[in-house]
Amino acid sequence: MHLFFNKFITRNSSLIQFVKQYDNCLGSREQVERESDAADFHTVISCATKSSIEAQFQDVYTHQKFREVQAQFRGKANCITRLTNSALGYSVYEVGEQVSSSIFNKFVVTYDSVAVEVKCQCLLFESRGILCRHALSVLSFEQVSQVSPRYILERWSKKVKRRHTHIKSSHDEPLMEPRSKRLDQLVFRSQNICEFASESEELTAFLHRAYDNVMAEMESLKAKRKGTSSLSHEDANLESVNELQSPPRIRTRGRPKNRLGSKLDKQIANATKKKKTKVLSELICECYIQINLFDAASVVHSNNIQYQGHVMNYQFTVLAAVDNSLGV
C-alpha cells in the first residue's frame, strides 16, 4: 500500500491534494487493468512445453497468472514419478523432486481417475489456486490431456467480468463509457421500483415475475442481434484509455532522509552540536591556560636557579676572603 501511494502523495501533501491524487491513483490503477486486458486479448505467450494441459491454461488464464503456471510446467522436468499403490481407479504416487545434485524432496500425490481429481501433499492449489509441478507430473504419467474445470478458476480468467468497472467515479467522469451511463440511469430507476415493490409480498412477487419475463425477452433479443452490440469492457483497447501524467518516481527503499520527526531531530542535533562546541572551546581554553602556567613556571624556575647560582658564588667568594685573611 505504501509503495503504491508513494508514487502520488508525500508526507507534505495537503488534504485537498490527497483527495485529488487519490482519484489519480484509482485512474492509474484502472488504466493498468485496461492495458493488461488489451494485452491478454491481443497477444499470446508461447507455451514452454508441448503439453495440451498447458495450452488449455494458455487459452483461459491471464498473462500474469499463466506465467506462474508455466513455472510449474518447467519445474515438472525435475520430478520423477513412481506409482506406489493403485486400486479401483484410485492411485497413490510418490513424486521425487530434485532440488540439487544429490537432494530429492518426496511428495505424495493421489489421483482419482473416476472423478478426474488430483491432490498433492504440498497443497499449492489450495493455497495459490494453481496446480503444482508434482500434480502435473502425475497427470502427464496418467496421460491426461485436459484437466477438470475445477482446476481452472474463474478469478484468473481473462474473460472475467469486473462489475466494479461500471461504477461511476470522479476520475473518468468526462470520458464515461456509454455502458456506464446507461447502468447509472437503470440503477436510479430500478431503485424507485424496488422501494415501491418492497411494501408488500404481492408486489414483490409481481416484480420478480416481471424481472423473469423481461430477462427472457432481453436474452432472445440479444441472440437475434448477436455481433451488433456496443463495445464492451473486454473489447476496450488502449486508445480508449485516458492517459495520465505520472508524477516523478520517489525512492521507496530504505529509511527516508527526512522523517516525520525531522524538526525534533534537527533541534536535538543542533543542541548536541552546540554542547560539543562549548566543551571543545572550554578544553582549548584550559589547555591554553595550562601552557601559559607551564611557561611561567619555567621562567620562575630558571630565575630561581640563576639566583641560587649567584648566592653560591657569593658564599664561595666570602669564604675565600676569610681564608686569605687567616693565612690558610
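Contact, on this tour, means heavy atoms within 4.5 Å. You are looking at a predicted model, where local features need pLDDT of at least 70 and side-chain atom pairs count only at pLDDT 80 or more, while totals for chains, interfaces and linings use all residues. Residues are numbered from 1 along each chain as its sequence is written, and side-chain values use heavy atoms, with hydrogens and water left out.

**Stop 1: the whole chain**

Show the chain as a cartoon. It has nine helices and four strands; helices (H or I, at least four residues) and strands (E, at least two) are DSSP runs, numbered from the N terminus. Follow the sequence and you will meet the pattern α-α-α-α-β-β-β-β-α-α-α-α-α. Of the 328 residues, 23% count as buried, where buried means under 20% relative accessible area, exposed means over 50%, and partly exposed lies in between (1.4 Å probe, protein chains only). Among contacts in the chain with a separation of 6 or more, 51% come from residues 24 or more positions apart.

**Stop 2: the sheet**

Now select the four strands. They form an open sheet in the order 1-2-3-4, with antiparallel pairing; two strands pair if DSSP finds at least two bridges between them. Which strands stand at the edges? Strand 1 and strand 4 do, each with a single partner strand, so one side of each has no neighbour in the sheet. On average, neighbouring strands of this sheet are turned by 20° against each other, direction ignored (axes are lines fitted to C-alpha atoms, for helices over the stretch in contact, and angles run from 0 to 180 degrees between N-to-C directions). As background, strands of a sheet pair through backbone hydrogen bonds, either parallel or antiparallel.

**Stop 3: walk across the strands**

Begin with strand 1 and strand 2, whose antiparallel pairing runs over eight bridges. Pick C79 and look across to E97 in strand 2, which stands opposite. Then move to the hairpin of these two strands, with two residues between them, and click on L88, which takes a positive phi near 55°.

Next come strand 2 and strand 3, antiparallel over nine bridges. Five residues make the hairpin that joins strand 2 to strand 3. Select Q98 and find F104, its bridge partner in strand 3.

Finish with strand 3 and strand 4, which pair in the antiparallel sense over four bridges. Y111 has V118 of strand 4 as its bridge partner. The hairpin here has four residues between the strands, and V116 takes a positive phi near 50°.

**Stop 4: helix 6**

Select residues 133-141, which make up helix 6. Which residues of helix 6 are buried? They are H134, A135, L136, S137, V138 and L139. Show what covers them too: the cover includes helix 3 (52-60), helix 4 (63-75), strand 1 (79-87), strand 2 (90-98), strand 3 (104-112) and strand 4 (117-120).

Zoom in on A135, which sits in helix 6. A135 counts as buried because its relative accessibility is 3%. Leaving aside neighbours within four places in sequence, A135 is in contact with V109 and V118. Try a distance label between the C-alpha atoms of A135 and K119: they are 16 residues apart along the chain and separated by 6.8 Å. Just after helix 6, look for Q143, with a positive phi of about 60°.

**Stop 5: a cavity**

A search of the whole structure finds two cavities of 30 Å³ or more. On a 1 Å grid over the protein atoms alone, a cavity is a set of points where a 1.4 Å probe fits but cannot get out, and lining residues have an atom within 4 Å of a point. Grid points are joined across faces, edges and corners, and a volume is the space filled by probe spheres set on the points.

Visit the second largest cavity, with a volume of about 40 Å³. To see its lining, select Y111, V116, E117, V118, L139, V144, Q146, V147, S148 and Y151. How does this lining divide? Seven residues are nonpolar, two polar and one charged (Ala, Val, Leu, Ile, Met, Phe, Trp, Tyr, Cys and Pro count as nonpolar, Asp, Glu, Lys and Arg as charged, and the others, Gly among them, as polar).

**Stop 6: L153**

End at L153, in the loop between helix 6 and helix 7 (178-197). Is L153 buried or partly exposed? L153 counts as partly exposed, because its relative accessibility is 23%. Beyond neighbours within four places in sequence, L153 is in contact with Y61, F125 and G129. The C-alpha atoms of L153 and V60 are separated by 9.4 Å, with their positions 93 residues apart along the chain counted as the separation.

Notes: On a 1 Å grid over the protein atoms alone, a cavity is a set of points where a 1.4 Å probe fits but cannot get out, and a pocket is an open set with protein on both sides within 12 Å along at least five of seven lines; lining residues have an atom within 4 Å of a point.
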